[in-house]
Amino acid sequence: MSDRPANALRGEAQIVIDGTRLILRPSFAALVAAEEELGSLFDLVERAAGGRLLLSEIVTLFWHVADNRPDHLTRDQLGEGMMTLGLAGVTPALKILLRQILSGGGA
């Protein structure tokens, strides 16, 4: 796990799961991997805008963009940790990622 903070200029976000800070970095490779599993990212953003984004889709997106995910963390643990945070705790990071997907840029 990296001790560096999330870099907002790169469209990064962060969440803390079970005391582990995860940097969510929407790199090209990570987004391609997420898209292979979730389908079109444009459709994902549209579902999010319409309030129809599924919890499983958020977990999948976060799983693929977690840049410093420790080997011991499973996807189920990530999901459980996200539920501990609640939707209100996860939404700020999700907004940052969706904004980056839509607008691009970054370093």
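Is D18 buried or exposed? In this predicted model, D18 is exposed, with a relative accessible area of 66%, and it lies in the loop between strand 1 and strand 2. The points below begin with that hairpin and then turn to helix 3, its helical neighbours, the contact of helix 2 with helix 4, and two loop residues.

**The hairpin of strand 1 and strand 2**

- Strand 1 and strand 2 run antiparallel and are joined by five bridges, and together they form a hairpin with two residues between them.
- Among the bridge partners, I17 is matched with T20 of strand 2, while V16 is matched with R21 of strand 2.
- In the turn, D18 has a phi near 50°, which is a positive value in a residue other than glycine. Most residues other than glycine have a negative phi.
- The side chains of strand 1 alternate, with A13, I15 and I17 pointing to one face and buried, whereas Q14 and V16 point to the other face and are not buried.
- In strand 2, T20, L22 and L24 point one way and R21 and I23 the other way, yet all of them are buried.
- Because five of the five residues of strand 2 are buried, strand 2 is largely enclosed by the rest of the structure.

**Helix 3 and its surroundings**

- Eight of the 11 residues of helix 3 are buried, so this helix is largely enclosed by the rest of the structure.
- The buried residues of helix 3 are E57, I58, V59, T60, L61, F62, W63 and V65, a list in which E57 falls under the cut-off of 20% relative accessible area that defines burial.
- These buried residues pack against strand 1 (13-17), strand 2 (20-24), helix 1 (28-38), helix 2 (41-49) and helix 4.

**Helix 3 with helix 4**

- Two packed helices are described by the angle between their axes and the distance between the axes.
- For helix 3 (residues 55-65) and helix 4 (residues 75-103), the axes come within 9 Å and cross at roughly 75°, which makes helix 3 roughly perpendicular to helix 4.
- On the side of helix 3, the contact is made by L55, I58, V59, T60, L61, F62, W63, H64 and V65, and these meet R75, L78, G79, M82, M83, V90, A93, L94, L97 and I101 in helix 4.
- Sorted by class, this contact of helix 3 with helix 4 has 15 nonpolar residues, three polar residues and one charged residue.

**Helix 1 with helix 3**

- The axes of helix 1 and helix 3 come within 8 Å and cross at roughly 150°, and the two helices are therefore roughly antiparallel to each other.
- Helix 1 passes helix 3 in a right-handed crossing, in which A30, L31, A33, A34, E37 and L38 of helix 1 contact E57, T60, L61, H64 and V65 of helix 3.
- The residues of this contact of helix 1 with helix 3 divide into seven nonpolar, two polar and two charged.

**Helix 2 with helix 4**

- The axes of helix 2 and helix 4 come within 10 Å and cross at roughly 135°, and these helices are therefore oblique to each other.
- The crossing of helix 2 and helix 4 is left-handed, and its contact is made by L41, L44, V45 and A48 of helix 2 together with L98, I101 and L102 of helix 4.
- By class, the contact of helix 2 with helix 4 has seven nonpolar residues, with no polar and no charged residues.

**Two loop residues, L54 and R69**

- L54 is found in the loop between helix 2 and helix 3, where it is partly exposed, with a relative accessible area of 48%.
- The C-alpha atoms of L54 and L44 are separated by 9.5 Å, and the two residues are 10 residues apart along the chain.
- R69 lies in the loop between helix 3 and helix 4 and counts as partly exposed, at 30% relative accessibility.
- Leaving aside residues up to four places away in sequence, R69 touches L22, W63 and H64.
- Between R69 and S103 there is a C-alpha to C-alpha distance of 25 Å, with the two lying 34 residues apart in sequence.

Note on methods:
Residues numbered from 1 in each chain as written. Predicted model: local features only at pLDDT ≥ 70, side-chain atom pairs only at ≥ 80, totals over all residues. Heavy atoms only, no water. Axes fitted to C-alpha atoms, helices over the stretch in contact; angles between N-to-C directions. Helix = DSSP H or I, 4+ residues; strand = E, 2+ residues; numbered from the N terminus. Parallel < 35°, antiparallel > 145°, perpendicular 65-115°, else oblique. Contact = heavy atoms within 4.5 Å. Nonpolar A, V, L, I, M, F, W, Y, C, P; charged D, E, K, R; others polar. Buried < 20%, exposed > 50% of the residue type's maximum accessible area, 1.4 Å probe, protein only. Left-handed = near helix turned anticlockwise from the far one by under 90°. Pairing = 2+ DSSP bridges.
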